[in-house]
Amino acid sequence: MNTSAVVAVRGKIPKSDLMVLTPLHPDRLLPADPTTRSVARTLYAQVRQLPVLAAHGHVDARLLLGDQPFADAASLLVTGDHYVLRVLHSVGVAPEALGLGGRPVEPTEVWRSFCAHWDDFRGTAMRAWLEYQLVELFDVELPLLAGTATESFDAVGARLAEPAFRPRALFDRFGIEVLSTTDRPGADFAAHDALKSAGLNVVPTLRPDELTDPTRPAWRDAVESAGVASYDELLAHLRTERQRSAEHGAVATDHGHALPLTEDLEPVEARTLFGRLVKNEAGPGDAERFAANMVTQMALMALDDGLVLQLHTGVVRDHDGPAAARFGSDIGSDFPLPVHFTTGLRPMLERVGDEPGLRIVLFTMDESAFSRDLAPLASYYPAVHLGAPWWFLDAPDAMARHFAATVESAGYAKLTGFVDDTRAFCSIPARHDMARRAIASHLARQVTEHRLSIEEASEVAYAYAYGQPKSLYRL
Amino acid sequence: MNTSAVVAVRGKIPKSDLMVLTPLHPDRLLPADPTTRSVARTLYAQVRQLPVLAAHGHVDARLLLGDQPFADAASLLVTGDHYVLRVLHSVGVAPEALGLGGRPVEPTEVWRSFCAHWDDFRGTAMRAWLEYQLVELFDVELPLLAGTATESFDAVGARLAEPAFRPRALFDRFGIEVLSTTDRPGADFAAHDALKSAGLNVVPTLRPDELTDPTRPAWRDAVESAGVASYDELLAHLRTERQRSAEHGAVATDHGHALPLTEDLEPVEARTLFGRLVKNEAGPGDAERFAANMVTQMALMALDDGLVLQLHTGVVRDHDGPAAARFGSDIGSDFPLPVHFTTGLRPMLERVGDEPGLRIVLFTMDESAFSRDLAPLASYYPAVHLGAPWWFLDAPDAMARHFAATVESAGYAKLTGFVDDTRAFCSIPARHDMARRAIASHLARQVTEHRLSIEEASEVAYAYAYGQPKSLYRL
Amino acid sequence: MNTSAVVAVRGKIPKSDLMVLTPLHPDRLLPADPTTRSVARTLYAQVRQLPVLAAHGHVDARLLLGDQPFADAASLLVTGDHYVLRVLHSVGVAPEALGLGGRPVEPTEVWRSFCAHWDDFRGTAMRAWLEYQLVELFDVELPLLAGTATESFDAVGARLAEPAFRPRALFDRFGIEVLSTTDRPGADFAAHDALKSAGLNVVPTLRPDELTDPTRPAWRDAVESAGVASYDELLAHLRTERQRSAEHGAVATDHGHALPLTEDLEPVEARTLFGRLVKNEAGPGDAERFAANMVTQMALMALDDGLVLQLHTGVVRDHDGPAAARFGSDIGSDFPLPVHFTTGLRPMLERVGDEPGLRIVLFTMDESAFSRDLAPLASYYPAVHLGAPWWFLDAPDAMARHFAATVESAGYAKLTGFVDDTRAFCSIPARHDMARRAIASHLARQVTEHRLSIEEASEVAYAYAYGQPKSLYRL
């Protein structure tokens with residue numbers, strides 16, 4: 001076959017047809033088999049409009065406090081979302097072309113670059129989230145095209161100028177019942193309090209890594225700034241910070257250590273380690289050992305104060321060091337590492353794993369741990385719960401694999417349900433909608449294969465979408 | 001959306017409907033697509049009633065020798081099954097509440113706790129096994145409910161009091177052709193012999209870990225008790241023990257080393273290691289190296305005596321040390337470790353892997369090894385065969401993944417077929433039934449996708465359910 | 001149930017029916033659900049006849065230059081294909097019985113052994129490739145049977161004697177647009193040039209491992225033979241070799257280091273390492289470190305000369321050492337190792353990963369890396385592209401898993417598409433056909449689940465089968 005034959009084959013699809021609209025299909029992401037789809041539809045319909053519990057978010061409370069209109073489509077949907085930036089970078093769009101790290105670029109130009117690469121998002125979770133936002137929220141015609149970039153940019157812009165598209169109005173429209181933020185030790189919770197008074201339930205989440213993890217270069221500075229001079233003072237300070245966040249509504253803490261390692265050190269050893277670390281006299285492994293012990297200490301405090309302990313591990317941050325130096329973090333070069341939970345979590349779990357009142361939520365991006373580590377641990381330890389597939393795995397097929405790999409050992413009871421994990425405020429409903437379609441699709445197969453009754457599946461779908469996080473996070 | 005809206009959505013499902021019966025559907029676990037289901041039904045029907053080869057079991061021969069009625073539902077289905085205990089523990093049922101590790105608890109109370117947590121088993125393999133036993137064997141109405149715990153407890157109890165529910169009658173009813181036990185070195189085989197005379201084919205399986213694996217604390221005691229004073233005496237002793245088990249019907253040995261490591265040491269080195277180990281003068285790695293060599297020695301003996309070598313690795317036992325100390329082992333806190341077979345098995349396979357008369361069966365709970373390690377090794381070495389997915393992976397979706405991940409490289413010829421792996425006697429038919437549904441479902445897709453003819457699929461289903469283990473284990 | 005019951009069940013399938021023909025079904029490998037199959041059929045039909053880009057092959061150019069008839073069915077389809085040899089070995093066919101490593105065996109005998117084991121290929125990718133060749137190319141009736149081995153051997157033989165079955169005629173019939181070979185440094189490209197003149201686009205691929213990887217025992221000899229006396233001379237020599245291959249049509253280089261490790265050493269350190277290595281005075285880790293640096297050096301040269309850098313890692317070669325010593329390499333005992341790309345590739349990617357003009361193609365046989373390492377890296381670094389599932393994973397279900405595990409993060413844009421990887425010339429169309437059925441099946445689900453429009457799916461299918469490798473490899 002020669003080139004003209006290729007053209008002949010391709011010729012069957014007139015180019016104009018390639019450009020037809022792709023509206024949001026009501027059955028998108030639901031299984032194709034008609035019986036299974038019908039069950040999935042029923043289950044999805046039951047959970048579609050449930051309130052949103054965004055209990056693991058990274059949106060800044062000041063966004064809602066200020067309630068300013070979003071600037072434009074480019075900053076809202078492109079440069080403000082490191083998932084989108086990452087894909088654009090991967091297909092050769094230089095960060096400078098998007099206005100990062102130097103000379104500003106016109107938002108319309110940023111948007112045009114994005115539109116020109118719309119096809120490169122095919123098959124990704126980001127595409128599904130973007131479609132949801134563009135169609136459902138902004139009523140924009142798809143596909144985006146470079147040739148109509150001005151029109152789509154302006155269409156989004158017109159909406160953003162309306163009062164109904166200010167952050168607080170959207171908070172309401174999105175059906176958000178609770179939105180968690182992520183807060184450093186010492187953070188000010190005035191915004192949270194003000195929002196609370198205004199009827200928006202925006203709660204802080206303490207992320208104390210800078211104090212608990214001496215493998216971070218900034219640890220000594222953070223400890224010094226906190227006025228902490230000893231291990232015991234560190235524990236007391238963290239206890240106070242936890243208490244303070246809880247008083248402002250926090251239901252959880254968030255921990256991003258590099259690997260899921262824990263230790264349960266005797267205080268005397270921990271004190272010695274602290275001393276060496278703070279004086280910069282630590283030996284090899286000291287920082288890792290101290291950090292590992294701090295996870296167990298956090299679990300012990302959680303047992304007292306009832307905050308959920310969320311453990312996110314297995315990430316190398318700023319993998320592309322030179323780019324991070326030029327353009328900052330959060331441009332998409334954080335990547336997963338292989339993680340092994342079974343041995344690493346043992347010291348903590350031997351200490352507190354049997355406590356039913358404690359809630360440790362494990363997240364991973366290494367799916368080989370789904371059935372090997374996570375489901376077995378959650379299927380035994382009452383304190384262990386499994387977070388939804390995280391970050392790169394926050395996607396329909398990955399969710400299907402997560403359900404299939406964990407439920408047979410651990411059941412649905414030990415899944416936290418979906419609480420999202422995003423900085424991109426307007427993507428929140430899209431992400432919850434995707435998760436609700438995913439659980440409905442999974443459960444529909446359980447029903448058609450006569451593993452669960454439709455009534456049971458209905459209860460599980462409700463629990464996954466809303467009931468389980470509500471009770472687990474004590475919302 | 002507010003709480004009343006939630007109630008409205010939930011309100012569509014009247015609570016009474018949630019409590020309808022879930023009888024065992026004849027098509028359960030079969031694929032939903034009508035054509036594929038129809039093929040799966042045909043294949044399943046062909047293997048459903050084949051005799052059961054429980055060639056990898058852990059039931060005690062004395063259970064059958066004594067042939068006493070099972071005590072009650074609680075001890076039979078709950079406290080006697082560490083899979084079930086594990087899930088109850090994971091949702092906060094304290095072992096003490098089930099009568100473990102201290103003050104006895106009334107069986108009816110144990111049963112009520114179990115019934116109260118019936119919903120927590122949704123989606124698990126255990127639920128499918130329990131449903132099969134409750135409905136098929138004991139004619140109990142589902143779901144179990146705390147409110148009707150007395151009725152269901154009594155219903156099971158009434159059956160257990162019937163002669164038809166004594167172990168030997170069930171052995172017959174279950175269609176068990178061969179049942180293997182697991183036996184320590186020096187075990188007495190009188191029960192096996194007596195059962196043989198009574199027409200029940202119950203065969204021993206030597207598990208010599210206590211003598212072959214010096215990483216276990218009890219190794220030196222075991223070696224001393226066996227009267228073994230040198231490496232050569234140890235080999236001779238093991239050869240005798242193997243021979244003795246074979247004379248009483250054994251077809252295999254079972255090995256549970258922590259990791260799949262092998263060595264092929266010169267006798268002089270092995271003798272030196274033995275000397276150091278027995279005198280408690282071993283250096284780092286000595287015990288592991290000696291244990292690794294013993295796997296190869298077992299394979300060499302297997303080449304002589306024809307016993308199948310079953311290798312189970314990658315488990316950390318009694319992960320929850322404090323609970324194990326209080327309540328004993330077998331409460332569910334054994335967990336998988338990452339395993340890498342390719343490098344670890346090389347010394348043994350270079351020595352004996354090309355022997356077609358040798359049968360080494362590999363089991364794993366780390367499914368990342370399915371396509372990376374296991375299928376490639378089995379697709380080359382005639383001695384290597386792949387056991388069914390093990391323990392946490394003994395479940396329908398995991399089996400589907402195992403088939404999909406191994407067959408494309410290694411074919412069906414190198415799968416041992418299903419021989420189960422359970423201490424819970426009454427779960428045996430449920431487990432084989434599930435495996436037969438799983439292979440039928442897998443093969444149905446092969447047929448509908450025109451990869452295999454229906455006749456070929458039929459042969460493979462038969463081989464997996466019965467023919468292959470029968471010939472491989474020389475039953 | 002007793003043995004007669006087993007016979008009764010089996011009796012339902014008369015043995016004669018088991019022997020019916022299995023012709024190549026036009027819908028083979030396409031999904032069973034009718035709607036999805038219909039979409040898959042459409043997509044497959046659009047790409048089925050596209051030209052073949054065999055841009056990652058291992059066929060010898062002299063096969064085409066000589067254009068001699070293939071000798072017989074046995075050498076063509078059995079002993080000439082290490083995938084087939086491997087499976088035969090795994091079911092107990094000794095290499096000697098196939099004429100390897102000693103006394104010659106009649107080709108008819110080799111063929112008879114193969115036919116006798118036809119059933120052992122059930123479920124494997126090899127079976128699908130063999131069926132395609134036997135039916136599509138040689139018009140042989142299936143199944144192969146030992147009893148009709150003479151007939152099938154002769155049927156293939158009769159075809160092979162026809163002029164239309166000589167290599168060049170098949171090259172044309174297969175629709176091969178480009179065929180890459182694999183070439184050692186210093187290789188002679190006369191065959192490539194002669195073929196070019198004759199209108200066959202057969203291009204070399206430099207595989208410089210013997211010069212770049214001092215962990216290979218032959219490294220020092222290779223360096224000496226090349227007349228290379230320093231690190232700088234080595235770089236210059238490699239640059240020249242790359243240039244020379246490019247002048248003869250090469251579009252890529254191929255690298256088979258054991259693990260995906262890279263370093264970006266200062267020249268002074270690399271020079272020192274070279275000195276130690278060449279004098280056999282290297283310390284532990286020196287060879288690995290030098291090899292790791294050479295990957296980055298290759299990437300830097302690729303940035304200059306535009307050759308695609310293909311990285312295949314994670315293989316232990318000649319795992320069965322004794323068999324390799326007797327029968328040579330390429331009998332099937334090369335196996336996958338666990339691989340971790342994220343940390344290992346960082347030094348190279350920090351140096352050149354952001355270069356959109358550079359094309360690094362990553363292959364793996366460890367599918368736990370699909371979603372954890374490969375998709376994330378490709379979803380950020382413009383230089384990183386993902387090769388099709390490799391070797392043991394070059395199979396329909398593995399391809400389905402690869403798509404599902406990578407596309408949600410990285411999109412289709414970062415998949416190279418299918419370029420095969422085979423020494424078995426006649427298997428080329430079978431392998432491309434399988435890949436085209438796999439992508440059509442995957443995309444059909446994307447369409448029926450409303451993730452992509454049919455027009456988009458059509459574009460992606462075309463890109464995967466032809467367009468993407470054409471542009472990526474600059475063919």
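Biologist: I'm new to this one. Which hand does the crossing have where H2(C) passes H21(C)?

Modeller: Bear in mind that this is a predicted model. In it, the crossing of H2(C) past H21(C) is right-handed.

Biologist: And what makes you call the two helices oblique?

Modeller: Helix H2 of chain C covers residues 34-47 and helix H21 of chain C covers 428-448, and they pack at an angle of about 135°. Roughly perpendicular covers 65 to 115 and roughly antiparallel is over 145. The angle of about 135° fits neither class, so H2(C) and H21(C) are oblique to each other. Their axes are 8 Å apart.

Biologist: Which residues of H2(C) and H21(C) meet there?

Modeller: From H2(C) they include C:Val39, C:Leu43 and C:Tyr44. Among their counterparts in H21(C) are C:Arg437, C:Ala440 and C:Leu443. Sorted by class, the residues of this contact are nine nonpolar, four polar and three charged.

Biologist: On to strands. Why is the three-strand sheet in chain C described with edges?

Modeller: The sheet is open, ordered E1-E2-E3 (chain C), with parallel pairing. Strand E1 (52-54) and strand E3 (202-203) of chain C each have a single partner strand, so one side of each has no neighbour in the sheet. That puts both of them at the edges.

Biologist: How do you know that E2(C) and E3(C) count as a pair?

Modeller: Pairing takes at least two bridges. Strand E2 (residues 176-180) of chain C has two bridges to E3(C), so the pair meets the cut-off. One of the partnerships links C:Ser180 with C:Val203 in E3(C).

Biologist: Now the chains. What makes the relation of B to C that of a three-fold axis?

Modeller: A turn of 120° lays chain B on chain C, with a shift of 0.0 Å along the axis and an RMSD of 0.0 Å. That is the relation of a three-fold axis.

Biologist: Why do you say the copies meet through different surfaces?

Modeller: Only 4% of the interface residues of chain B are also interface residues in chain C, so different surfaces are used. The contact takes 52 residues from chain B and 51 from chain C. On the side of chain B that touches chain C, elements giving two or more residues include helix H2 (34-47), helix H21 (428-448) and helix H22 (454-472) of chain B. By class, that side has 20 nonpolar, 19 polar and 13 charged residues.

Biologist: What about chain A, on the side that touches chain C?

Modeller: There, 51 residues of chain A are in contact with 52 of chain C. Helix H1 (3-11), helix H5 (82-90) and strand E7 (335-336) of chain A are among the elements that give two or more residues. This side of chain A has 26 nonpolar, 12 polar and 13 charged residues.

Biologist: Last one: what makes A:Asp330 worth a mention?

Modeller: Most residues other than glycine have a negative phi. For A:Asp330, phi is near 60°, a positive value in a residue other than glycine. A:Asp330 sits in the loop between H16 and E7 of chain A.

Biologist: And which bond is cis at C:Pro143?

Modeller: The peptide bond joining C:Leu142 and C:Pro143, with omega about 0°. C:Pro143 lies in the loop between helix H7 (125-137) and helix H8 (149-160) of chain C. In chain B, the bond from B:Leu142 to B:Pro143 is cis, with omega near -5°.

Key:
Residues are numbered from 1 along each chain as its sequence is written. Chains are lettered from A and ligands numbered from 1 in the order in which they are written. This is a predicted model: local features need pLDDT of at least 70, side-chain atom pairs count only at pLDDT 80 or more; totals for chains, interfaces and linings use all residues. Helices (H or I, at least four residues) and strands (E, at least two) are DSSP runs, numbered from the N terminus. Axes are lines fitted to C-alpha atoms, for helices over the stretch in contact, and angles run from 0 to 180 degrees between N-to-C directions. Angles under 35 degrees count as roughly parallel, over 145 as roughly antiparallel, 65 to 115 as roughly perpendicular and the rest as oblique. A crossing is left-handed if the near helix is turned anticlockwise from the far one by less than a right angle, and right-handed if clockwise. Two residues are in contact if their C-beta atoms, placed from the backbone, lie within 7 Å. Ala, Val, Leu, Ile, Met, Phe, Trp, Tyr, Cys and Pro count as nonpolar, Asp, Glu, Lys and Arg as charged, and the others, Gly among them, as polar. Copies are superposed by least squares on the C-alpha atoms of residues with pLDDT of at least 70 in both.
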